[in-house]
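Colleague: Could you walk me through this model, with the cut-offs spelled out as you go?

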Amino acid sequence: MTKTYTFEIGDKIATITAEAEGVCRYMVRMSLQDKPREKAAAGSALRIGYLTGRARTWVAEFGNTGTPARPATSAKAACRAIADWALTQPPFR
């Protein structure tokens, strides 16, 4: 099962895709584009973290970066937390 979300963050449109990678675990990837462009023209999706959980219990994981995992009440909220964090990291900033 794949989950896809689109967020407007600053002057960018972020497309987040969480692909199942086992039971209750998802690999999270993000692609960015400028707002004026069409949403269908998304760029390459880079891996930005993991999403773990189900129902209303989710955890946003930021890889081996030293950033502590963050709980969330939905997969969408966890993906948004990972996207916000990723925008402060190379190559997105």
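Modeller: Happy to; salt bridges come up before the core and the pocket. This is a predicted model, where local features need pLDDT of at least 70, side-chain atom pairs count only at pLDDT 80 or more, and totals for chains, interfaces and linings use all residues. Residues are numbered from 1 along each chain as its sequence is written, and side-chain values use heavy atoms, with hydrogens and water left out.

Colleague: Which residue forms a salt bridge with Arg 29?

Modeller: A salt bridge here is a side-chain nitrogen of Lys or Arg within 4 Å of a carboxyl oxygen of Asp or Glu. For Arg 29 the closest N and O atoms are 4.0 Å apart. Arg 29 lies in strand S3 and its partner in strand S2 (strands are DSSP runs of E, at least two residues, and helices runs of H or I, at least four, numbered from the N terminus), so the pair ties together parts 10 residues apart in sequence. That partner is Glu 19.

Colleague: Is Glu 19 buried, exposed or partly exposed?

Modeller: Buried means under 20% relative accessible area, exposed over 50%, and partly exposed in between, with a 1.4 Å probe and protein chains only. Because its relative accessibility is 36%, Glu 19 is partly exposed.

Colleague: How far apart in sequence are the parts tied together by Glu 61 and Arg 25?

Modeller: Glu 61 forms a salt bridge with Arg 25, with the closest N and O atoms 3.0 Å apart. Glu 61 lies in strand S5 and Arg 25 in strand S3, so the parts tied together are separated in sequence by 36 residues.

Colleague: Which element gives the most to the largest nonpolar core?

Modeller: A nonpolar core is a set of buried Ala, Val, Leu, Ile, Met, Phe, Trp, Tyr and Cys residues joined through side-chain atoms within 4.5 Å. The largest one has 26 residues, of which Ile 16, Met 30, Ile 48 and Leu 51 touch the most other members. Elements giving two or more residues include S1, S2 and S4. The top contributor, with eight residues, is H1.

Colleague: Which strand gives the most to the lining of the largest pocket?

Modeller: A pocket is an open set of points on a 1 Å grid over the protein atoms alone, where a 1.4 Å probe fits, with protein on both sides within 12 Å along at least five of seven lines; lining residues have an atom within 4 Å of a point. Of the 13 lining residues, the closest to the centre are Arg 47, Ile 48, Gly 49, Phe 62 and Trp 85. Helix H1 (75–86) and strand S4 (46–54) each supply at least two. With four residues, the strand that gives the most is S4.
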